[in-house]
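Student: I keep meeting words like "core", "buried" and "salt bridge". Can we go through this structure and see what earns each label?

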Amino acid sequence: FWRLDRHGYVVSRRKLARRPLFIPQTYGICEMPEVRRVIYDSCTRHGIRFLVLDHLGFLSVLGQDASNDVKTTGAIMREVKRWALDLRIHIVLVHHLRKRATGQTSSSGIHDLRGSGEVGQLADNVMILKRKRGEEKMVVSLKKVRDDSGFEGNAELGFDPDTLIYTP
């Protein structure tokens, strides 16, 4: 919204308000049972079928073993997968890449995610988004497709600030 004048901002907010979007009013740190309760309530009361959890790092602080990232990531991934299967919904769980070593130039892959073994094993699909700060283009790399209904590869997307949509 930062590029919009006041009128453009109001128009955009009204467009968003007409979208079937529900944002639960939870603030601060919640325990995993509370996160689960909000998700189940959102799905049963509001008919949510597609959920975005942004991001795994915030859920990780709720894991039982903060000293073991891999174990914590696996426990959270298994719990989130249980929710998706139980509620028959799609869940996008945002997860950030590890910091790269200086001079490392290889393309990003599943192995660059913390707890990558658990992510690779439990996720149905893995996409990696790359965008340089300040640029209006990004590359989406599909790294895993569990059911073989698609193919792995890259797509470059541009961003249209007028519609707030990424486009091929």
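Tutor: Sure. A nonpolar core is a set of buried Ala, Val, Leu, Ile, Met, Phe, Trp, Tyr and Cys residues joined through side-chain atoms within 4.5 Å. Keep in mind that this is a predicted model.

Student: What makes up the largest nonpolar core here?

Tutor: The largest one has 16 residues, and Ile39, Leu53 and Trp83 have the most contacts inside it. Helix H2 (32-46), strand E1 (50-54), helix H3 (56-60) and helix H4 (69-87) each supply at least two of its residues. H2 gives the most, with five residues.

Student: Which residues is Leu53 in contact with, leaving aside its neighbours within four places in sequence?

Tutor: With those neighbours left out, Leu53 is in contact with Ile39, Leu59, Val80, Trp83, Ile91, Val92, Leu93 and Val94. There is also another core apart from the largest one, of six residues, including Met77, Leu113, Val119 and Leu122.

Student: How many helices and strands does the chain have?

Tutor: Five helices and six strands. Along the sequence, they follow the pattern α-α-β-α-α-β-α-β-β-β-β. Of the chain's 168 residues, 27% count as buried.

Student: Why is His90 called exposed?

Tutor: The cut-off for exposed is over 50% relative accessible area. His90 has 55%, so it counts as exposed. This residue lies in strand E2 (residues 90-94).

Student: What does His90 touch, leaving aside neighbours within four places in sequence?

Tutor: Arg49, Phe50 and Leu51. His90 and Leu51 are 39 residues apart in sequence, but their C-alpha atoms are 6.2 Å apart in space.

Student: Now for the charges. What makes Asp41 and Arg45 a salt bridge?

Tutor: The general idea is that side chains of opposite charge can pair when their charged atoms come close. The cut-off is a side-chain nitrogen of Lys or Arg within 4 Å of a carboxyl oxygen of Asp or Glu. For Asp41 and Arg45 the N to O distance is 3.1 Å, and the pair passes as a salt bridge. Because they are four residues apart in helix H2, about one helical turn separates them.

Student: Are those two buried or exposed?

Tutor: They get separate labels. Asp41 has a relative accessible area of 23%, so it is partly exposed. Arg45 has 61%, so it is exposed.

Student: How do you know that Arg82 and Glu79 form a salt bridge?

Tutor: Try the test again: the closest N and O atoms are 2.8 Å apart, and the limit is 4 Å. Arg82 and Glu79 both lie in helix H4, three residues apart, about one turn of the helix. As for its label, Arg82 is at 48% relative accessibility, so it counts as partly exposed.

Student: What do Lys81 and Asp124 do?

Tutor: Their side chains meet in a salt bridge, 2.9 Å from N to O. Lys81 lies in helix H4 and Asp124 in the loop between helix H5 (116-122) and strand E3 (125-130), so this pair ties together parts that are 43 residues apart in sequence. Lys81 is at 24% relative accessibility and Asp124 is at 37%. Partly exposed runs between the 20% and 50% cut-offs, so Lys81 gets that label, and so does Asp124. Lys81, Asp124 and Arg146 are linked in a network of salt bridges. A search of the whole structure finds five salt bridges.

Student: Why doesn't Lys144 have a salt bridge?

Tutor: The limit is 4 Å, so Asp124, the nearest side chain of opposite charge at 6.1 Å, is out of range. Lys144 is buried all the same, and it lies in strand E4 (residues 137-145).

Student: What does the side chain of Lys144 reach, then?

Tutor: The backbone oxygen of Ala123, at 2.6 Å.

Student: One last residue. What is unusual to note about the phi of Arg88?

Tutor: Arg88 has a positive phi of about 55 degrees although it is not a glycine. You'll find Arg88 in the loop between H4 and E2. With 72% relative accessibility, Arg88 counts as exposed.

Methods. Residues numbered from 1 in each chain as written. Predicted model: local features only at pLDDT ≥ 70, side-chain atom pairs only at ≥ 80, totals over all residues. Heavy atoms only, no water. Buried < 20%, exposed > 50% of the residue type's maximum accessible area, 1.4 Å probe, protein only. Contact = heavy atoms within 4.5 Å. Lys, Arg positive; Asp, Glu negative; His and termini not counted. Polar contact = N/O pair within 3.5 Å; in protein donor to acceptor, adjacent residues only side chain to side chain.
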